[in-house]
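Please study the sequence and the structure shown below before reading on. The paragraphs that follow lead through the model step by step.

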2 protein chains.
Amino acid sequence: MSVQERKERERAGRERLIVETARELAEQQGWDAVTTRRLAERIEYSQPVLYSHFRGKREIIGAVALEGATALARALRAATADADGPSARVATLAHAYLDFAERHPAVYDAMFQLDGGLAFAHEDTPEPLKDGFAALLETLSEVAGEGVDPGLFTEVFWAALHGMATLTRAGRLPPTEAERRLELLVNRLAVV
Amino acid sequence: MSVQERKERERAGRERLIVETARELAEQQGWDAVTTRRLAERIEYSQPVLYSHFRGKREIIGAVALEGATALARALRAATADADGPSARVATLAHAYLDFAERHPAVYDAMFQLDGGLAFAHEDTPEPLKDGFAALLETLSEVAGEGVDPGLFTEVFWAALHGMATLTRAGRLPPTEAERRLELLVNRLAVV
DNA sequence: GATTCGACCCTAGCACCGCTAGACAACCGA
DNA sequence: TCGGTTGTCTAGCGGTGCTAGGGTCGAATC
(Lines give C-alpha, C1' and ligand atoms only; values in the text may rest on other atoms or scores of the structure.)
Protein backbone atom coordinates (compact mmCIF):
# COMPACT_ATOMS: atom_id res chain seq x y z
CA MET A 1 0.00 0.00 0.00
CA SER A 2 3.00 2.25 0.35
CA VAL A 3 3.12 2.97 -3.33
CA GLN A 4 -0.45 4.15 -3.36
CA GLU A 5 0.14 6.26 -0.30
CA ARG A 6 3.10 7.92 -1.92
CA LYS A 7 1.05 8.69 -5.00
CA GLU A 8 -1.70 10.19 -2.94
CA ARG A 9 0.84 12.28 -1.11
CA GLU A 10 2.28 13.51 -4.40
CA ARG A 11 -1.17 14.25 -5.70
CA ALA A 12 -2.08 16.25 -2.62
CA GLY A 13 1.19 18.13 -2.88
CA ARG A 14 0.56 19.02 -6.46
CA GLU A 15 -2.94 20.15 -5.64
CA ARG A 16 -1.57 22.50 -3.01
CA LEU A 17 0.96 23.70 -5.58
CA ILE A 18 -1.81 24.51 -8.03
CA VAL A 19 -3.83 26.49 -5.52
CA GLU A 20 -0.79 28.29 -4.19
CA THR A 21 0.43 29.15 -7.67
CA ALA A 22 -2.99 30.40 -8.69
CA ARG A 23 -3.08 32.66 -5.65
CA GLU A 24 0.41 33.99 -6.28
CA LEU A 25 -0.29 34.65 -9.93
CA ALA A 26 -3.53 36.42 -9.04
CA GLU A 27 -1.81 38.52 -6.41
CA GLN A 28 0.97 39.47 -8.79
CA GLN A 29 -0.96 40.14 -11.97
CA GLY A 30 -4.64 39.95 -11.13
CA TRP A 31 -7.14 37.19 -11.78
CA ASP A 32 -7.38 38.05 -15.45
CA ALA A 33 -3.84 36.81 -15.82
CA VAL A 34 -4.68 33.50 -14.21
CA THR A 35 -5.37 31.41 -17.28
CA THR A 36 -5.21 27.66 -17.34
CA ARG A 37 -2.30 27.84 -19.77
CA ARG A 38 -0.21 30.17 -17.64
CA LEU A 39 -1.08 28.29 -14.49
CA ALA A 40 -0.10 24.99 -16.10
CA GLU A 41 3.17 26.47 -17.29
CA ARG A 42 4.01 27.77 -13.81
CA ILE A 43 3.47 24.43 -12.14
CA GLU A 44 5.41 22.82 -14.98
CA TYR A 45 2.64 20.51 -16.06
CA SER A 46 0.31 20.53 -19.02
CA GLN A 47 -3.17 22.00 -18.87
CA PRO A 48 -5.13 18.73 -18.55
CA VAL A 49 -3.40 18.01 -15.27
CA LEU A 50 -5.34 20.87 -13.74
CA TYR A 51 -8.54 19.14 -14.72
CA SER A 52 -7.56 15.96 -12.98
CA HIS A 53 -7.57 17.94 -9.73
CA PHE A 54 -10.35 20.44 -10.30
CA ARG A 55 -13.46 20.47 -12.43
CA GLY A 56 -12.42 23.74 -13.93
CA LYS A 57 -11.06 27.18 -13.29
CA ARG A 58 -14.00 28.01 -11.07
CA GLU A 59 -13.06 25.29 -8.62
CA ILE A 60 -9.50 26.55 -8.48
CA ILE A 61 -10.79 29.97 -7.56
CA GLY A 62 -12.97 28.29 -4.96
CA ALA A 63 -9.98 26.54 -3.47
CA VAL A 64 -8.13 29.84 -3.17
CA ALA A 65 -11.23 31.31 -1.56
CA LEU A 66 -11.39 28.57 1.07
CA GLU A 67 -7.73 28.98 1.86
CA GLY A 68 -8.36 32.72 2.10
CA ALA A 69 -11.28 32.30 4.45
CA THR A 70 -9.09 30.39 6.85
CA ALA A 71 -6.43 33.06 6.63
CA LEU A 72 -8.99 35.81 7.19
CA ALA A 73 -10.44 34.09 10.23
CA ARG A 74 -6.97 33.67 11.66
CA ALA A 75 -6.10 37.30 10.99
CA LEU A 76 -9.28 38.52 12.66
CA ARG A 77 -8.81 36.38 15.75
CA ALA A 78 -5.16 37.35 16.04
CA ALA A 79 -6.01 41.02 15.85
CA THR A 80 -8.82 40.94 18.38
CA ALA A 81 -6.97 38.71 20.81
CA ASP A 82 -4.95 41.47 22.37
CA ALA A 83 -7.55 44.22 22.43
CA ASP A 84 -9.03 45.24 25.75
CA GLY A 85 -12.76 45.67 26.00
CA PRO A 86 -15.58 45.18 23.49
CA SER A 87 -15.26 48.65 22.03
CA ALA A 88 -11.57 48.35 21.22
CA ARG A 89 -12.11 44.84 19.95
CA VAL A 90 -14.72 45.93 17.42
CA ALA A 91 -12.56 48.75 16.12
CA THR A 92 -9.61 46.43 15.82
CA LEU A 93 -11.72 43.81 14.10
CA ALA A 94 -12.95 46.28 11.51
CA HIS A 95 -9.42 47.48 10.90
CA ALA A 96 -8.13 43.99 10.50
CA TYR A 97 -10.87 43.14 8.05
CA LEU A 98 -10.23 46.10 5.79
CA ASP A 99 -6.50 45.52 6.12
CA PHE A 100 -6.90 42.00 4.89
CA ALA A 101 -8.99 43.10 1.93
CA GLU A 102 -6.43 45.74 1.03
CA ARG A 103 -3.38 43.55 1.47
CA HIS A 104 -4.79 40.49 -0.27
CA PRO A 105 -7.12 41.84 -2.93
CA ALA A 106 -6.85 38.76 -5.10
CA VAL A 107 -7.78 36.45 -2.27
CA TYR A 108 -10.58 38.76 -1.22
CA ASP A 109 -11.90 38.73 -4.77
CA ALA A 110 -11.80 34.96 -4.86
CA MET A 111 -13.88 34.88 -1.72
CA PHE A 112 -16.47 37.53 -2.42
CA GLN A 113 -16.31 38.91 -5.94
CA LEU A 114 -15.58 36.01 -8.22
CA ASP A 115 -17.60 32.91 -8.76
CA GLY A 116 -15.80 30.11 -7.00
CA GLY A 117 -18.82 27.85 -7.08
CA LEU A 118 -19.08 27.90 -3.30
CA ALA A 119 -22.24 27.63 -1.31
CA PHE A 120 -22.99 30.24 1.30
CA ALA A 121 -25.52 30.61 4.03
CA HIS A 122 -26.60 27.03 3.65
CA GLU A 123 -26.06 23.89 5.60
CA ASP A 124 -23.52 22.72 3.05
CA THR A 125 -21.43 25.84 3.40
CA PRO A 126 -17.77 24.82 3.61
CA GLU A 127 -16.32 24.91 7.09
CA PRO A 128 -13.71 27.66 6.49
CA LEU A 129 -16.42 30.06 5.37
CA LYS A 130 -18.56 29.34 8.38
CA ASP A 131 -15.52 29.82 10.55
CA GLY A 132 -14.76 33.17 8.97
CA PHE A 133 -18.24 34.34 9.83
CA ALA A 134 -17.82 32.87 13.29
CA ALA A 135 -14.68 34.92 13.80
CA LEU A 136 -16.70 38.06 13.10
CA LEU A 137 -19.55 36.87 15.27
CA GLU A 138 -17.35 36.28 18.31
CA THR A 139 -16.40 39.90 18.61
CA LEU A 140 -19.54 41.49 17.22
CA SER A 141 -22.05 39.64 19.35
CA GLU A 142 -20.66 41.57 22.31
CA VAL A 143 -21.88 44.84 20.85
CA ALA A 144 -25.09 43.82 19.06
CA GLY A 145 -27.18 45.55 21.66
CA GLU A 146 -30.29 44.53 23.58
CA GLY A 147 -32.81 42.41 21.78
CA VAL A 148 -30.85 42.26 18.58
CA ASP A 149 -29.94 38.94 17.09
CA PRO A 150 -26.13 38.73 17.08
CA GLY A 151 -26.17 36.87 13.78
CA LEU A 152 -28.25 39.54 12.13
CA PHE A 153 -26.08 42.26 13.58
CA THR A 154 -22.96 40.53 12.30
CA GLU A 155 -24.46 40.29 8.85
CA VAL A 156 -25.16 44.01 8.76
CA PHE A 157 -21.75 44.93 10.11
CA TRP A 158 -20.07 42.57 7.69
CA ALA A 159 -22.02 43.97 4.77
CA ALA A 160 -20.90 47.46 5.68
CA LEU A 161 -17.28 46.39 5.89
CA HIS A 162 -17.57 44.53 2.64
CA GLY A 163 -19.10 47.54 0.94
CA MET A 164 -16.33 49.80 2.14
CA ALA A 165 -13.69 47.32 1.10
CA THR A 166 -14.98 46.81 -2.41
CA LEU A 167 -15.99 50.38 -3.14
CA THR A 168 -12.68 51.68 -1.91
CA ARG A 169 -10.67 49.24 -3.93
CA ALA A 170 -12.73 49.83 -7.06
CA GLY A 171 -11.96 53.55 -6.77
CA ARG A 172 -15.53 54.37 -5.87
CA LEU A 173 -14.59 55.76 -2.48
CA PRO A 174 -11.55 57.97 -1.88
CA PRO A 175 -9.09 56.04 0.29
CA THR A 176 -8.03 59.14 2.14
CA GLU A 177 -10.96 59.18 4.54
CA ALA A 178 -11.09 55.46 5.17
CA GLU A 179 -10.12 55.92 8.78
CA ARG A 180 -12.88 58.40 9.52
CA ARG A 181 -15.47 56.28 7.74
CA LEU A 182 -14.50 53.29 9.82
CA GLU A 183 -14.72 55.30 13.01
CA LEU A 184 -18.17 56.53 12.13
CA LEU A 185 -19.37 53.06 11.27
CA VAL A 186 -18.14 51.53 14.49
CA ASN A 187 -19.45 54.36 16.66
CA ARG A 188 -22.90 54.18 15.20
CA LEU A 189 -23.39 50.45 14.79
CA ALA A 190 -21.78 49.07 17.89
CA VAL A 191 -23.62 49.36 21.20
CA VAL A 192 -21.10 49.53 24.01
CA MET B 1 -24.97 70.27 -44.08
CA SER B 2 -28.18 68.28 -43.92
CA VAL B 3 -26.53 65.12 -45.13
CA GLN B 4 -23.91 65.26 -42.44
CA GLU B 5 -26.52 66.00 -39.81
CA ARG B 6 -28.57 63.04 -40.89
CA LYS B 7 -25.52 60.82 -40.66
CA GLU B 8 -24.73 62.05 -37.20
CA ARG B 9 -28.31 61.43 -36.16
CA GLU B 10 -28.15 57.91 -37.49
CA ARG B 11 -24.86 57.34 -35.73
CA ALA B 12 -26.25 58.57 -32.44
CA GLY B 13 -29.29 56.37 -32.88
CA ARG B 14 -27.19 53.36 -33.53
CA GLU B 15 -25.07 54.08 -30.49
CA ARG B 16 -28.17 54.18 -28.33
CA LEU B 17 -29.26 50.94 -29.94
CA ILE B 18 -25.97 49.30 -29.01
CA VAL B 19 -26.15 50.37 -25.37
CA GLU B 20 -29.79 49.44 -25.05
CA THR B 21 -29.26 46.06 -26.66
CA ALA B 22 -26.29 45.36 -24.42
CA ARG B 23 -28.35 46.15 -21.37
CA GLU B 24 -31.26 44.00 -22.51
CA LEU B 25 -29.01 41.10 -23.32
CA ALA B 26 -27.28 41.41 -19.96
CA GLU B 27 -30.61 41.56 -18.14
CA GLN B 28 -31.93 38.56 -19.99
CA GLN B 29 -28.93 36.26 -19.94
CA GLY B 30 -26.28 37.88 -17.79
CA TRP B 31 -23.16 39.78 -18.76
CA ASP B 32 -21.33 36.60 -19.69
CA ALA B 33 -23.71 36.27 -22.59
CA VAL B 34 -22.93 39.75 -23.83
CA THR B 35 -20.24 38.98 -26.37
CA THR B 36 -19.33 41.29 -29.20
CA ARG B 37 -20.55 38.72 -31.69
CA ARG B 38 -23.95 38.27 -30.12
CA LEU B 39 -24.31 41.97 -29.60
CA ALA B 40 -23.41 42.66 -33.22
CA GLU B 41 -25.88 40.09 -34.42
CA ARG B 42 -28.69 41.59 -32.34
CA ILE B 43 -28.16 45.08 -33.71
CA GLU B 44 -27.86 43.56 -37.18
CA TYR B 45 -24.42 44.92 -37.89
CA SER B 46 -21.02 43.32 -37.99
CA GLN B 47 -18.66 43.31 -35.04
CA PRO B 48 -16.33 46.08 -36.22
CA VAL B 49 -19.21 48.54 -36.15
CA LEU B 50 -19.18 48.29 -32.37
CA TYR B 51 -15.60 49.44 -32.38
CA SER B 52 -16.44 52.53 -34.40
CA HIS B 53 -18.61 53.63 -31.49
CA PHE B 54 -16.72 52.29 -28.50
CA ARG B 55 -13.12 51.48 -27.82
CA GLY B 56 -14.12 48.03 -26.70
CA LYS B 57 -16.48 46.00 -24.61
CA ARG B 58 -15.42 47.82 -21.47
CA GLU B 59 -16.69 51.10 -22.83
CA ILE B 60 -20.02 49.54 -23.70
CA ILE B 61 -20.36 48.37 -20.12
CA GLY B 62 -19.43 51.87 -19.03
CA ALA B 63 -22.19 53.33 -21.18
CA VAL B 64 -24.74 50.98 -19.62
CA ALA B 65 -23.42 52.01 -16.21
CA LEU B 66 -23.90 55.70 -16.92
CA GLU B 67 -27.42 55.09 -18.16
CA GLY B 68 -28.01 53.05 -15.02
CA ALA B 69 -26.71 55.77 -12.73
CA THR B 70 -29.23 58.18 -14.17
CA ALA B 71 -31.99 55.64 -13.70
CA LEU B 72 -30.92 54.94 -10.12
CA ALA B 73 -30.84 58.62 -9.24
CA ARG B 74 -34.31 59.06 -10.70
CA ALA B 75 -35.62 56.03 -8.81
CA LEU B 76 -34.19 57.26 -5.52
CA ARG B 77 -35.61 60.74 -5.93
CA ALA B 78 -38.99 59.43 -6.97
CA ALA B 79 -39.15 57.15 -3.95
CA THR B 80 -38.13 59.77 -1.40
CA ALA B 81 -40.32 62.50 -2.88
CA ASP B 82 -43.49 61.35 -1.18
CA ALA B 83 -42.10 60.31 2.17
CA ASP B 84 -42.85 62.44 5.19
CA GLY B 85 -40.05 63.31 7.54
CA PRO B 86 -36.33 62.50 7.48
CA SER B 87 -36.75 59.15 9.17
CA ALA B 88 -39.26 57.80 6.69
CA ARG B 89 -37.26 59.24 3.84
CA VAL B 90 -34.12 57.38 4.84
CA ALA B 91 -35.95 54.10 5.19
CA THR B 92 -37.60 54.60 1.83
CA LEU B 93 -34.31 55.55 0.25
CA ALA B 94 -32.63 52.41 1.50
CA HIS B 95 -35.50 50.29 0.27
CA ALA B 96 -35.46 51.92 -3.13
CA TYR B 97 -31.72 51.37 -3.43
CA LEU B 98 -31.87 47.67 -2.66
CA ASP B 99 -34.93 47.34 -4.84
CA PHE B 100 -33.06 48.79 -7.77
CA ALA B 101 -30.13 46.48 -7.24
CA GLU B 102 -32.45 43.49 -7.06
CA ARG B 103 -34.61 44.41 -10.01
CA HIS B 104 -31.77 45.48 -12.29
CA PRO B 105 -28.86 43.27 -11.34
CA ALA B 106 -27.17 43.57 -14.71
CA VAL B 107 -27.23 47.35 -14.61
CA TYR B 108 -26.09 47.34 -11.00
CA ASP B 109 -23.20 45.09 -11.95
CA ALA B 110 -22.24 47.40 -14.78
CA MET B 111 -22.11 50.27 -12.32
CA PHE B 112 -20.34 48.71 -9.39
CA GLN B 113 -19.06 45.22 -10.06
CA LEU B 114 -17.72 45.23 -13.59
CA ASP B 115 -14.97 47.29 -15.03
CA GLY B 116 -16.58 49.93 -17.17
CA GLY B 117 -13.46 52.05 -17.25
CA LEU B 118 -15.20 54.83 -15.38
CA ALA B 119 -13.58 57.28 -13.03
CA PHE B 120 -15.03 57.73 -9.57
CA ALA B 121 -14.44 60.12 -6.76
CA HIS B 122 -12.41 62.39 -8.95
CA GLU B 123 -13.01 65.68 -10.67
CA ASP B 124 -13.45 63.89 -13.98
CA THR B 125 -16.18 61.66 -12.63
CA PRO B 126 -19.00 61.55 -15.19
CA GLU B 127 -22.00 63.65 -14.29
CA PRO B 128 -24.55 60.82 -13.93
CA LEU B 129 -22.40 59.14 -11.29
CA LYS B 130 -22.01 62.34 -9.33
CA ASP B 131 -25.73 62.85 -9.58
CA GLY B 132 -26.41 59.39 -8.26
CA PHE B 133 -24.32 60.14 -5.21
CA ALA B 134 -26.06 63.49 -4.92
CA ALA B 135 -29.42 61.76 -4.82
CA LEU B 136 -28.24 59.77 -1.83
CA LEU B 137 -26.72 62.83 -0.21
CA GLU B 138 -29.92 64.86 -0.41
CA THR B 139 -31.79 62.51 1.88
CA LEU B 140 -28.92 61.29 4.01
CA SER B 141 -27.48 64.66 4.94
CA GLU B 142 -30.63 65.21 6.97
CA VAL B 143 -29.73 62.38 9.30
CA ALA B 144 -25.94 62.55 9.40
CA GLY B 145 -26.00 63.88 12.95
CA GLU B 146 -24.19 66.71 14.66
CA GLY B 147 -20.66 67.42 13.62
CA VAL B 148 -20.57 64.66 11.03
CA ASP B 149 -19.69 65.49 7.47
CA PRO B 150 -22.75 64.62 5.35
CA GLY B 151 -20.54 63.43 2.51
CA LEU B 152 -18.69 61.06 4.78
CA PHE B 153 -21.91 59.82 6.30
CA THR B 154 -23.36 59.21 2.85
CA GLU B 155 -20.29 57.23 1.87
CA VAL B 156 -20.65 54.98 4.89
CA PHE B 157 -24.37 54.49 4.41
CA TRP B 158 -23.90 53.82 0.74
CA ALA B 159 -21.15 51.29 1.43
CA ALA B 160 -23.45 49.43 3.80
CA LEU B 161 -26.24 49.34 1.25
CA HIS B 162 -23.84 48.25 -1.44
CA GLY B 163 -22.49 45.50 0.75
CA MET B 164 -25.96 44.22 1.53
CA ALA B 165 -26.95 44.36 -2.12
CA THR B 166 -23.95 42.47 -3.42
CA LEU B 167 -23.66 39.92 -0.63
CA THR B 168 -27.34 39.12 -0.84
CA ARG B 169 -27.33 38.69 -4.58
CA ALA B 170 -24.18 36.59 -4.49
CA GLY B 171 -25.90 34.23 -2.08
CA ARG B 172 -23.63 35.26 0.77
CA LEU B 173 -26.51 36.58 2.85
CA PRO B 174 -29.88 34.83 3.17
CA PRO B 175 -32.49 37.01 1.50
CA THR B 176 -35.11 36.10 4.05
CA GLU B 177 -33.95 38.57 6.69
CA ALA B 178 -33.23 41.44 4.33
CA GLU B 179 -36.00 43.52 5.80
CA ARG B 180 -34.77 43.18 9.37
CA ARG B 181 -31.18 43.93 8.34
CA LEU B 182 -32.28 47.08 6.62
CA GLU B 183 -34.27 48.16 9.64
CA LEU B 184 -31.31 47.63 11.92
CA LEU B 185 -28.99 49.53 9.62
CA VAL B 186 -31.27 52.53 9.34
CA ASN B 187 -32.04 52.63 13.05
CA ARG B 188 -28.41 52.57 14.04
CA LEU B 189 -26.85 54.77 11.40
CA ALA B 190 -29.41 57.52 10.98
CA VAL B 191 -29.68 60.20 13.65
CA VAL B 192 -33.22 61.48 13.76
C1' DG C 1 -25.46 63.37 -65.76
C1' DA C 2 -20.95 61.06 -65.52
C1' DT C 3 -16.95 60.56 -62.67
C1' DT C 4 -14.06 60.65 -58.96
C1' DC C 5 -13.25 60.08 -54.32
C1' DG C 6 -13.87 59.22 -49.60
C1' DA C 7 -16.56 57.36 -45.86
C1' DC C 8 -18.28 53.32 -44.27
C1' DC C 9 -19.01 48.46 -43.45
C1' DC C 10 -18.00 43.58 -43.92
C1' DT C 11 -15.20 39.40 -44.49
C1' DA C 12 -11.59 37.09 -42.71
C1' DG C 13 -8.35 36.24 -39.42
C1' DC C 14 -5.27 37.09 -35.27
C1' DA C 15 -3.98 35.50 -30.57
C1' DC C 16 -5.96 33.98 -26.77
C1' DC C 17 -9.50 31.66 -23.70
C1' DG C 18 -11.55 27.20 -21.06
C1' DC C 19 -11.79 22.63 -21.81
C1' DT C 20 -11.31 17.68 -23.78
C1' DA C 21 -10.36 13.51 -26.83
C1' DG C 22 -7.14 10.29 -27.83
C1' DA C 23 -2.36 8.74 -28.30
C1' DC C 24 1.49 7.47 -25.78
C1' DA C 25 4.70 6.38 -22.04
C1' DA C 26 5.80 4.90 -17.56
C1' DC C 27 5.13 2.29 -13.84
C1' DC C 28 2.94 -1.33 -10.91
C1' DG C 29 1.48 -6.15 -9.93
C1' DA C 30 1.77 -10.76 -11.30
C1' DT D 1 9.43 -10.40 -18.22
C1' DC D 2 5.12 -9.18 -19.46
C1' DG D 3 0.14 -7.27 -19.38
C1' DG D 4 -2.51 -3.71 -17.90
C1' DT D 5 -3.53 0.31 -15.57
C1' DT D 6 -2.55 4.81 -14.50
C1' DG D 7 -1.16 9.14 -15.66
C1' DT D 8 0.50 12.78 -18.79
C1' DC D 9 0.97 15.08 -23.08
C1' DT D 10 -0.09 16.73 -27.80
C1' DA D 11 -3.39 18.50 -30.52
C1' DG D 12 -7.55 20.58 -31.33
C1' DC D 13 -12.55 22.25 -30.57
C1' DG D 14 -15.54 26.16 -30.24
C1' DG D 15 -15.52 30.33 -28.24
C1' DT D 16 -13.61 35.19 -26.82
C1' DG D 17 -12.14 40.40 -27.81
C1' DC D 18 -10.33 42.85 -31.32
C1' DT D 19 -8.35 44.47 -36.07
C1' DA D 20 -6.40 44.69 -40.89
C1' DG D 21 -7.65 45.27 -45.48
C1' DG D 22 -10.63 45.09 -49.33
C1' DG D 23 -14.87 46.40 -51.52
C1' DT D 24 -19.10 49.02 -52.04
C1' DC D 25 -22.02 52.71 -52.12
C1' DG D 26 -23.25 57.35 -51.88
C1' DA D 27 -21.91 62.21 -51.92
C1' DA D 28 -19.54 66.03 -54.00
C1' DT D 29 -17.40 67.78 -58.14
C1' DC D 30 -16.81 68.69 -63.00
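According to an unreviewed UniProt entry, the feature "domain: HTH tetR-type" lies at residues 12-72 of chain A. The model in which this span is viewed here is a predicted one. Within residues 12-72 of chain A, 79% of the span is helix and 0% is strand, and the C-alpha atoms at its two ends are 23 Å apart. The chain as a whole shows what kind of fold surrounds this span. Chain A has nine helices and zero strands, and its pattern along the sequence reads α-α-α-α-α-α-α-α-α. Along its principal axes, the C-alpha trace of chain A extends over about 60 × 40 × 30 Å.

A second annotation directs attention to a shorter stretch. The "DNA-binding region" of the unreviewed UniProt entry covers residues 35-54 of chain A. This stretch is 70% helix and 0% strand, with its end C-alpha atoms 14 Å apart.

The next step is to consider the DNA itself, beginning with strand C. Which residues are the closest to DNA strand C? Of the 18 residues that surround this strand, the closest are T35(A), T36(A), K57(A), R14(B) and S46(B). Three of these residues may be examined through their phosphate contacts. In T35(A), an N or O atom of the side chain is 3.2 Å from a phosphate oxygen of DNA strand C. For K57(A), a polar backbone atom is 2.8 Å from a phosphate oxygen of the strand. From chain B, R14(B) has a side-chain N or O atom 2.8 Å from a phosphate oxygen of DNA strand C. The elements giving two or more residues to this surface are α1 (2-29), α2 (36-42) and α3 (47-53) of chain A, together with α3 (47-53) of chain B. By class, the residues near DNA strand C comprise seven nonpolar, five polar and six charged. Among the atoms of DNA strand C within 4 Å of the protein, 52% belong to sugar or phosphate, and the rest belong to bases.

DNA strand D may be read in a similar manner. It is surrounded by 18 residues, of which the closest are R14(A), S46(A), T35(B), T36(B) and K57(B). Of the atoms of DNA strand D that come within 4 Å of the protein, sugar and phosphate make up 55%. Several phosphate contacts involve chain B. A backbone N or O atom of T36(B) is 2.8 Å from a phosphate oxygen of DNA strand D, while a side-chain N or O atom of R38(B) is 3.4 Å from a phosphate oxygen of this strand. In addition, Y51(B) places a polar side-chain atom 2.8 Å from a phosphate oxygen of DNA strand D. Two or more residues of the surface near DNA strand D come from each of α3 of chain A and α1 (2-29), α2 (36-43) and α3 of chain B. This surface is divided into seven nonpolar, five polar and six charged residues.

Finally, the reader may turn from the DNA to a place where the two protein chains meet. How do the helices α8(A) and α8(B) lie relative to each other? The axes of helix α8 (residues 150-169) of chain A and helix α8 (residues 150-169) of chain B come within 7 Å and cross at roughly 100 degrees. Angles of 65 to 115 degrees count as roughly perpendicular, and α8(A) and α8(B) are therefore roughly perpendicular to each other. Residues of α8(A) in this contact include W158(A), H162(A) and M164(A), and those of α8(B) include W158(B), H162(B) and M164(B). The residues of the contact of α8(A) with α8(B) comprise 10 nonpolar, six polar and no charged.

Note on methods:
Residues are numbered from 1 along each chain as its sequence is written. Chains are lettered from A and ligands numbered from 1 in the order in which they are written. This is a predicted model: local features need pLDDT of at least 70, side-chain atom pairs count only at pLDDT 80 or more; totals for chains, interfaces and linings use all residues. Side-chain values use heavy atoms; hydrogens and water are left out. A residue is near a molecule or strand if one of its heavy atoms lies within 4 Å of it. A polar contact is a pair of N or O atoms within 3.5 Å; within protein, one must be able to donate a hydrogen and the other to accept it, and residues adjacent in sequence count only if both atoms are side-chain atoms. Helices (H or I, at least four residues) and strands (E, at least two) are DSSP runs, numbered from the N terminus. Ala, Val, Leu, Ile, Met, Phe, Trp, Tyr, Cys and Pro count as nonpolar, Asp, Glu, Lys and Arg as charged, and the others, Gly among them, as polar. UniProt positions are given in the numbering used here, feature names are shortened, and annotations may be inferred rather than shown by experiment. Axes are lines fitted to C-alpha atoms, for helices over the stretch in contact, and angles run from 0 to 180 degrees between N-to-C directions. Angles under 35 degrees count as roughly parallel, over 145 as roughly antiparallel, 65 to 115 as roughly perpendicular and the rest as oblique. Contact means heavy atoms within 4.5 Å.
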